[in-house]
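I opened my notebook for this one with a simple plan: look at one chain by itself, then at how the chains meet. Here is what I looked up, in the order I did it.

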Amino acid sequence: MDHSILMAILLLSPFVGFLINGVRYKQPTYKISGGIATAAVFISFICSVLLFSDLVGMPADQRKIHVKFFEWLNVDKFKVDAAFYIDQISGIMILIITGVGTLIHLFSTEYMHHDKGVTKYFAYLNLFIFNMLILVLGDSLLTMFVGWEGVGLCSYLLIGFWFTDKDKAAAGMKAFITNRVGDAAFLLGMFILFSTFGTLNIQEINGLAPTTVETSWMGALTLGTMFLFIGATGKSAQIPLYVWLPDAMAGPTPVSALIHAATMVTAGIYMIVRLNPIFIMTPNTMLVIAIIGALTALMAASIGITQWDIKKVLAYSTVSQLGYMFLAVGVGAFGAGLFHVMTHAFFKALMFLGSGSVIHAMHEEQDIRKMGGLKKYMPITHWTFFLGWLAIIGIPPFAGFFSKDEILWLSFHSPMGHPVLWAVGVVSAGMTAFYMTRLMCLTFWGKSRVPKSVHPHESPAMMTIPLIVLAVLSVVGGWIGIPEVIGHTFGHIPNYLGEWLAPVVRPIPNLAEADHSLEWALMGTSLGVASISAFISYHFYVKSPEIPGKIANSIKPVYELVFKKYLVDELYFKTIINPLVEVSRKVWYYIDVNFIDKITYVLADLIKGGGGVTRSLQTGNVQIYAMYIAIGLVIALSVIIIK
Amino acid sequence: MTPDVFLFWFLALLIIGSGLAVLLFTNPIYSALSLAMTMVGVAAIFITLHAYFIAGVQLIVYAGAVMVLFVMVLMLFDIKAEIQAFSSGKISGAIKLISVGLLSGLIVGGIIMGQKSFVGELSKDAVQVAEAQKVKKSTSPDAATKELGMVLFSKHIFGFEALGVLLTVIAVGTVALARSRGGTHHAK
Amino acid sequence: MQNNFFTDISLNHYLVLSSILFVIGMAGVLLRRNVIVILMCVELMLNAVNISFIAFSKYTQNVDGQIMVFFVMTIAAAEAAVGLALAVTIFKRFKEVNIKFFEHLRG
């Protein structure tokens with residue numbers, strides 16, 4: 001089929017779903033609304049598959065599908081078209097977005113069945129998919145920004161979905177405002193790039209990338225990429241703008257699965273991978289990216305160990321895994337970063353949906369201290385979650401192992417990386433294994449601490465089928481990117497993903513030849529660390545549950561600090577938010593109330609007075625009116641005659 | 001002094017005099033009669049201007065119908081004399097008189113100022129042309145009326161028909177307005 | 001001056017006559033109290049305009065002026081009829097024709 005038709009259907013199908021559900025947003029019909037929404041995304045998925053297969057059929061160096069719908073802006077030298085571009089990178093992304101999106105829509109249909117605003121929910125979800133597709137497919141930074149803002153909006157709408165609860169509404173606002181700060185940085189980055197290159201079209205920018213590395217910290221390209229990266233930290237929840245993601249758990253769980261695990265938060269990494277020709281020429285920015293990524297991974301993992309809410313654990317896990325992805329792109333391993341995006345989408349969405357299933361069965365209880373032993377009540381949920389757990393802690397041959405391992409290897413081996421970064425990555429991997437195992441133990445294994453009034457049961461098919469599909473993907477998803485070292489050993493299995501992305505991803509400059517034995521050693525180290533942590537965690541939480549409590553008590557101040565998320569939120573409130581609110585209040589009082597309002601009152605009184613004066617002209621006496629006419633006539637005639 | 005000139009001045013004084021009389025008499029019946037006199041004078045002026053048909057219409061319509069109407073209505077009201085004929089208010093009255101005077105002065109001044117450029121020549125030309133074309137455009141009553149009729153019924157036929165409609169509407173409206181039960185309200 | 005002004009009747013004379021009559025009529029509208037007399041002064045103004053039209057018609061040899069007067073006359077008559085009907089109605093209702101009592105349109 002013609003590419004422009006496929007592209008149009010791909011983009012417009014979720015938008016049409018949004019419109020249809022939008023106009024009937026008051027109906028509580030979950031089957032119809034869910035059906036429409038899921039069908040819309042599924043149609044997009046079919047189109048993605050068709051376009052992707054067309055892409056596969058093309059020769060490797062010409063894999064692009066470019067569709068221009070209309071010219072959007074044409075001002076002097078600034079041209080932006082409403083055009084969309086599928087290449088190797090965005091091809092993968094659209095498959096993930098629409099595929100995982102369909103599964104999550106299906107899950108939501110059952111999960112939200114008792115909510116009165118279910119149609120509104122599906123409208124928002126479809127709008128989100130539409131905007132996310134614009135983000136990944138836009139061929140200009142400005143089009144991408146449209147999608148960027150759009151997903152921020154949908155995120156706000158969906159996080160604060162139950163807005164009648166003040167805290168939930170506040171969480172939505174927090175997400176939006178933090179995102180906005182990032183968006184401001186993104187805009188600045190776009191301005192700098194435009195003034196440097198004269199265009200915002202991504203392919204043109206990539207083509208105009210310099211061939212020599214820019215070493216200055218104040219160089220235009222470095223500043224541009226730095227600002228873009230700050231924008232990415234807002235969207236993808238890195239330090240310093242990650243604070244919204246744990247609060248975002250206030251929204252419905254499928255929202256967390258879709259937006260805050262699989263798609264929106266990966267937008268930052270996607271943007272960097274797309275623009276890799278210019279990022280790779282600014283090593284200073286890359287250094288900052290790698291450091292922030294590693295630090296975020298570490299910090300979030302440490303907080304994740306202490307949390308008691310199942311969704312918060314997964315949220316911090318997401319922040320931590322995003323840190324890994326940024327670490328990857330920071331050392332130049334763009335392909336590895338994208339690979340981890342894909343595998344993370346599978347297993348994190350799986351785990352979020354699994355937690356949704358658990359919460360549903362526990363009648364909206366989210367505290368894992370009140371769970372335990374759910375394995376025998378919810379077998380499908382348990383076994384799919386189990387596969388996701390294996391994937392995230394990095395056990396071969398599951399998906400997470402291959403992607404995470406490649407990141408760790410390249411953070412050690414790349415000339416832009418450093419052994420310290422690798423070490424931080426390994427420690428975070430250890431912590432990841434620890435808290436994920438802790439989650440499994442406290443939720444599914446061990447003694448049951450479920451209160452007597454709650455009778456957990458397995459979720460219906462519409463919820464378990466997506467879980468099963470995602471579990472299968474978590475198992476096999478990693479096999480398309482098997483690194484060379486393993487592939488060679490086990491009989492020439494090629495690194496499909498690496499080959500697929502090679503035409504559009506610049507290789508790491510000055511990459512030395514890989515020392516296989518070193519690679520095996522590092523792989524073994526990280527695998528060992530992860531396994532040992534998992535085992536320790538199992539011992540703590542299932543075999544001897546009193547040990548963690550004792551450890552926490554013995555390091556109480558440190559524990560309290562970590563449990564309170566390092567008091568980052570409190571810091572932000574004290575230093576930024578409260579002063580701003582105070583200043584705003586003063587400005588409101590002194591300028592708006594005292595000054596501007598007074599001006600309007602004075603004006604109004606003047607006009608009233610004037611009106612009173614002119615009112616006295618209306619005497620009601622017709623002859624007086626005729627006199628006015630005569631006077632007017634006299635004046636007019638005298639003016640004419642004098643002229 | 002030629003008859004035309006004498007006629008003009010006589011009629012001019014007659015018209016202005018009776019116009020002032022309309023203004024100044026306190027008894028409204030006297031005002032009405034003065035108005036009738038003015039109308040007749042105006043009809044005579046029309047005749048001096050060779051507009052014979054219009055003069056006839058003036059007499060029939062204005063002096064004959066409209067004035068009769070006025071007098072009839074006045075008789076209906078049965079007012080013998082005005083308690084107060086003129087509007088009160090010295091200041092407003094003064095302003096009115098002054099403005100009216102100024103207006104007349106301005107108009108006359110404007111006319112006289114324009115005379116050199118336009119009207120003076122035109123009057124001489126008109127007389128010459130009229131004399132030259134005495135054969136073609138004669139100013140006899142029949143020829144003038146015939147010419148008027150030709151133009152009226154060819155160029156201005158639409159206005160003529162519209163006027164007919166207007167008169168019908170007026171007739172109906174007036175009857176509706178003045179019905180004994182007070183206009184267009186239905187009877188109880 | 002004497003010769004030209006009083007013996008040569010030009011368009012100006014008729015226009016001045018018309019304007020004086022018009023101004024008299026306007027003064028009447030402004031100054032008289034009786035509704036009927038006001039209507040009569042309006043008729044006076046219309047007549048003044050008619051004189052002016054016919055004068056122009058004669059001095060520009062164009063018969064359209066007379067046709068205009070024809071129309072004006074008809075409409076003036078119609079307007080007088082309607083105005084008088086209204087005055088009759090008002091008189092029946094208020095038993096007064098003094099416009100001093102009709103200042104209802106005040107602000």
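What follows are my entries on chain A and on two interfaces.

**Entry 1: what I am looking at.** I note first that this is a predicted model, and I keep that in mind throughout.

**Entry 2: chain A by itself.** I looked up the secondary structure and found 26 helices and two strands in chain A. I then checked burial: chain A has 643 residues, and 55% of them count as buried. For its accessible surface I got about 26100 Å², with 71% belonging to carbon and sulfur atoms. I also asked how the contacts spread along the sequence. Among contacts in chain A with a separation of 6 or more, 81% join residues 24 or more positions apart.

**Entry 3: chain A against chain B.** Here I counted ten residues of chain A in contact with eleven residues of chain B. The two chains bury about 900 Å² between them, and carbon and sulfur atoms carry 84% of that. Which three residues of chain A supply the most of its buried area here? They are M627(A), V634(A) and I641(A), which together give 51% of the area that chain A buries against chain B. I searched for salt bridges across this interface and the rule found zero. Polar contacts between chain A and chain B also came to zero residue pairs, with both residues required to be at pLDDT 80 or more. By class, the side of chain A that touches chain B has eight nonpolar residues, two polar and no charged.

**Entry 4: chain C against chain B.** I moved on to this pair and found 69 residues of chain C and 80 residues of chain B in the contact. Between them these chains bury about 6900 Å², 79% of it on carbon and sulfur atoms. On the chain C side, L31(C), R32(C) and M40(C) lose the most area to chain B, yet together they make up 10% of what that side buries.

**Entry 5: polar links between chain C and chain B.** How many salt bridges does the rule find across this interface? I got one, and its partners are the side chains of D64(C) and K155(B), at 2.9 Å from N to O. I also listed ten residue pairs in polar contact, both at pLDDT 80 or more.

**Entry 6: which elements of chain C take part.** The elements giving two or more residues to the side that touches chain B are α1 (2–7), α2 (11–31), α3 (35–59) and α4 (64–94) of chain C. The largest share, 23 residues, comes from α4(C). I sorted that side of chain C by class as well: 48 nonpolar, 14 polar and seven charged residues.

How values were computed. Residues are numbered from 1 along each chain as its sequence is written. Chains are lettered from A and ligands numbered from 1 in the order in which they are written. This is a predicted model: local features need pLDDT of at least 70, side-chain atom pairs count only at pLDDT 80 or more; totals for chains, interfaces and linings use all residues. Side-chain values use heavy atoms; hydrogens and water are left out. Contact means heavy atoms within 4.5 Å. Buried area is the accessible area (1.4 Å probe) that two parts lose on being put together, summed over both. A salt bridge is a side-chain nitrogen of Lys or Arg within 4 Å of a carboxyl oxygen of Asp or Glu. A polar contact is a pair of N or O atoms within 3.5 Å; within protein, one must be able to donate a hydrogen and the other to accept it, and residues adjacent in sequence count only if both atoms are side-chain atoms. Helices (H or I, at least four residues) and strands (E, at least two) are DSSP runs, numbered from the N terminus. Ala, Val, Leu, Ile, Met, Phe, Trp, Tyr, Cys and Pro count as nonpolar, Asp, Glu, Lys and Arg as charged, and the others, Gly among them, as polar. Buried means under 20% relative accessible area, exposed over 50%, partly exposed in between (1.4 Å probe, protein chains only). Accessible areas come from the Shrake-Rupley method with a 1.4 Å probe; for residues, only the protein chains shown count as cover.
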